[in-house]
Amino acid sequence: MSDKRTVTFDKEIPENAGITAKRLFGQLKNQRSRLIIVAICIVLYTALNIFTPYYSAGVIDHLLTAIRNCVSTGAKFSIEWNPLGMKMLALFLMYILTSVFYHFQAYLMASVAERLILTLRKQISHKLNKLPLRFFDGNKPGEILSRVTSDLDKVSETLQTGLLKLLTAIGTLVGAMAFMFYYSVLLMLVFLAFTVVSLSVTKAVAKKNLECAADRQRALAYLTGIAEEYYTGRDVIRAYNHEQESIETVNTAVDELRAATKKTDFLTNCVNPLIRMLSRLSQAAIMLLACHWMLQGRMSLGVVQAFFQYMNMAAEPLTETSYMINSLQAALASAERTFHFLDAAEEIPDTSTPIPLEKAKGKVSFENVSFGYTPDKILMKNISFTAKPGQKIAVVGSTGAGKTTLINLLMRFYEVNGGQITIDGIRTTDLTRQDLRHNFGMVLQDTWLFGGTIAENIAYGRPDATMEEIKAAAKAAKVDYFIRTMPQGYNTVLDNDAANLSVGQRQLITIARVFLCNPPVIILDEATSSVDTRTEAEIGKAMKQLMSGRTSFVIAHRLSTIRDADNILFMENGNIIEQGNHKELLAAKGAYAALYYSQFA
Ligand SMILES: Nc1ncnc2c1ncn2[C@@H]1O[C@H](COP(=O)(O)OP(=O)(O)OP(=O)(O)O)[C@@H](O)[C@H]1O
C-alpha cells in the first residue's frame, strides 16, 4: 500500500550547478548563431527599456510646456514637427523597438529551448535502448518517465522565461537605480527603505510558503498514489469487501490535501497581497513627496512619471530574485537528473568482430554458467546442459527457482558472471545481440500487445510480412477464426492495453507472432490456470505445433505436459539440481520423482 512516508521528491538543488550549466550550454553548440542574436536582442531591449522613461520625461515636459503656453496665450494648440513631433515619434519608435526586441528574442529563445529539448529527448530515447535490463530493475518507470517529460519541460520553461528575467535583472536594476539616484537621492532612499522592509517580510513568508507547498505536494502525491493503487486493484478490493475502508482512506487523503491547499492558498491569496500593499504604500509616500515638490516647482511631471517607471522596474528584479534563482536551480537540478540518466552505464557493446548467424541449427549449451543479479549475491553456480537441435527442454521448479533467470541469460538480457552460453557452438557474446535474438522466439504469459491492428501485432517481428503470411501464421496458432469474428478482422485496432482480448487470445496472438518469424529456437511459458481449460487446450495445441522441428525451452507448470521432454531441468534456488528425461528422473528417485509422485500418486 502507498505510504505517506515513502512519498519522495526529486531534489530541487543541483549538486553541481556549474558543471551542469556548462554541459547544458555545451548542448547548444549548434545553435550558437541564434544565441548570439538572442543576446544582442536582450542587450538592446534592456538598454531601450532603461532609456525610454528618461526620454519620455523630456517629451512630457516639452508637451506640457506647449499646452501651458497655449492656455496662457489663448493660441490654437498645435504640435510643431521640430523638435516636439520628432521627439514624440522617436519615443513611439523606442516603444515599438523595445517590444520588437522582446518578442524576437522570446521567439528565438523558444525555438532554441525546444530544439534543445528535442535533442535531449532523442538522446534519452536512444539511451533507453542501450541500457541493460539491470538498470530498469533499480529504477521506477515513473522516475524514468519524468526525465522525459516534467524535467525537460522545466528546463525549457526556465530557458524561455526565467533566463531572460535573470539576464535583464542586473542591467535593469542598475540602470533604474542610477536614474532614480540622478533624479532624487531622497526619493530613492525612501524607495530603498520600503523595499528592505518588504523583502524581509517576503523572506519570512517565503520560508513558510515553501513548507506549505511541500506539504501540499506530499498530500497530492499521496492521494494520487492511493487513487492509482485502488483503481488498478479495484476488483481485488471488491473481492475482499474492502470498499468502505478504501473510501475512508481516500476521504482522509482528500481532507489532508484540502487542509494543505487551504494553507497554501491563504499565503498566496492573503499574505502575498499584503506584501504587495507594502510596495503600494511606498509608492504612495513617494507620490506625496514628489507631488509636493512638483507644486513647489522642484520636480517636473515628466520626471515624476519617469521616477515611477524606474521604481516599478527596480522593484521587479528585487522582489523576484529569489523566485528566479529558485526556478533556475530547479531547472538545473532537472537537467542534472537528465544528465545522470544519460551517463548511466550502458550494456556491453556487441563484439566488433561478430560471427554472422543468419539461421542457427538450434544447438544450445550452457557451460559452467554462473550468474547473480547483483555481484554480491550469486544465484546460479556452474550450470551446464546441452539442448540438441529440435529437442524439447522442460524447465521445472517452484516459484523463485530461477526459471525466468535461465531464459533471461539465454536471450542475453543479462550478462553471465562466469562460464559461457553457446548456440551452434558459437559463444553468444561472439554474435551481435540482433543475430542472437533473431534466432529466438518467445511466448510468455505476460503478453505484450501494442496499440495497433491485430495484423501489425502479429507482424511485429517481421514488419515486411504479407497479409497472406500473417493469416497463415494466425491459422497455425489457431487464432485465425477468432480474429475473423472481430469487427474489422485483422485490421481491428487494439487499444487500451488490448483490454478487449482475453489472456488466452492474447497469448495465441503472440504465438502467431512467433510462427511468422519462424525462429529455430523457441521459449514458451506454459499457460497457467489464468485461462479456461478449453483455451488452455487450444494454446497447448498451438504450442505443440510451434515446437515441432525446433529446439524448445518450456517453462512447465504442470508435470503432466513434460513427460515427452528430451531433457528436464529441475531447478531450485537458482541452480539445476537434477536433469534427465522423465524416466531417468523417476528412476533417480530424487526431487523430481518426489514432486511427481506427490502430484500423481
Ligand atoms: N531483476 C531481478 N533483480 C534481482 N533479483 C531478481 C530479479 N529477478 C529475479 N530475481 C530473483 O532471482 C530468483 C529467481 O527468480 P526467477 O524469476 O528466475 O524465478 P522463477 O523460477 O522464474 O519464478 P516464477 O515461477 O515465480 O516466475 C528469485 O529469488 C528472485 O527474487
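**Reading the ligand shell, a sheet and a helix pair**

Mentor: In this predicted model, the shell around the ligand divides into three nonpolar, seven polar and two charged residues.

Trainee: Which residues are around the ligand?

Mentor: Start with the stretch of the chain that holds Gly-397, Thr-399, Gly-400, Ala-401, Gly-402, Lys-403, Thr-404 and Thr-405. Then add Asp-137, Tyr-373, Leu-379 and Gly-574.

Trainee: Which helix gives the largest share of the shell around the ligand?

Mentor: Helix H10, residues 403-410, supplies three residues, the largest share.

Trainee: How many strands form the open sheet, and in what order?

Mentor: Read the order across the sheet rather than along the chain. Here four strands lie in the order E2-E1-E4-E5, with antiparallel pairing.

Trainee: Which are the edge strands?

Mentor: An edge strand pairs on one side only, and here that describes E2 (380-387) and E5 (426-427).

Trainee: Where does H10 pack on the sheet?

Mentor: H10 touches E1, E2 and E4, and its direction makes about 115° with that of E1. This is the helix that also gives three residues to the ligand shell.

Trainee: How many bridges join E1 to E4?

Mentor: Five bridges join E1 (residues 364-371) to E4 (residues 418-423), and the two strands run antiparallel. To trace the register, follow individual partners: Val-364 is bridged to Ile-423 of E4, while Ser-370 has Gly-418 of E4 as its partner.

Trainee: How many bridges pair E4 and E5?

Mentor: Two bridges, again in the antiparallel sense. Ile-423 stands opposite Ile-426 of E5. The hairpin of E4 and E5 has two residues between the strands, and Asp-424 there takes a positive phi near 55°.

Trainee: At what angle do the axes of H15 and H16 cross?

Mentor: For a helix pair, look at both the distance and the angle. The axes of H15 (residues 503-517) and H16 (residues 533-547) come within 10 Å and cross at roughly 10°. Angles under 35 degrees count as roughly parallel, so H15 is roughly parallel to H16.

Trainee: Which residues make the contact?

Mentor: H15 contributes Gly-504, Gln-507, Leu-508, Ile-511, Val-514 and Phe-515. H16 contributes Thr-535, Glu-538, Ile-539, Ala-542, Met-543 and Leu-546. By class, this contact has eight nonpolar, three polar and one charged residues.

Trainee: Which domains does the assignment give?

Mentor: The chain is assigned domain 1 (17-183), domain 2 (185-298) and domain 3 (364-600). The centres of domain 1 and domain 2, taken over C-alpha atoms, are 27 Å apart.

Technical notes: Residues are numbered from 1 along each chain as its sequence is written. This is a predicted model: local features need pLDDT of at least 70, side-chain atom pairs count only at pLDDT 80 or more; totals for chains, interfaces and linings use all residues. Domain bounds come from an automatic or database domain assignment. Axes are lines fitted to C-alpha atoms, for helices over the stretch in contact, and angles run from 0 to 180 degrees between N-to-C directions. Angles under 35 degrees count as roughly parallel, over 145 as roughly antiparallel, 65 to 115 as roughly perpendicular and the rest as oblique. Two residues are in contact if their C-beta atoms, placed from the backbone, lie within 7 Å. Ala, Val, Leu, Ile, Met, Phe, Trp, Tyr, Cys and Pro count as nonpolar, Asp, Glu, Lys and Arg as charged, and the others, Gly among them, as polar. A residue is near a molecule or strand if its C-beta atom, placed from the backbone, lies within 6 Å of it. Two strands pair if DSSP finds at least two bridges between them.
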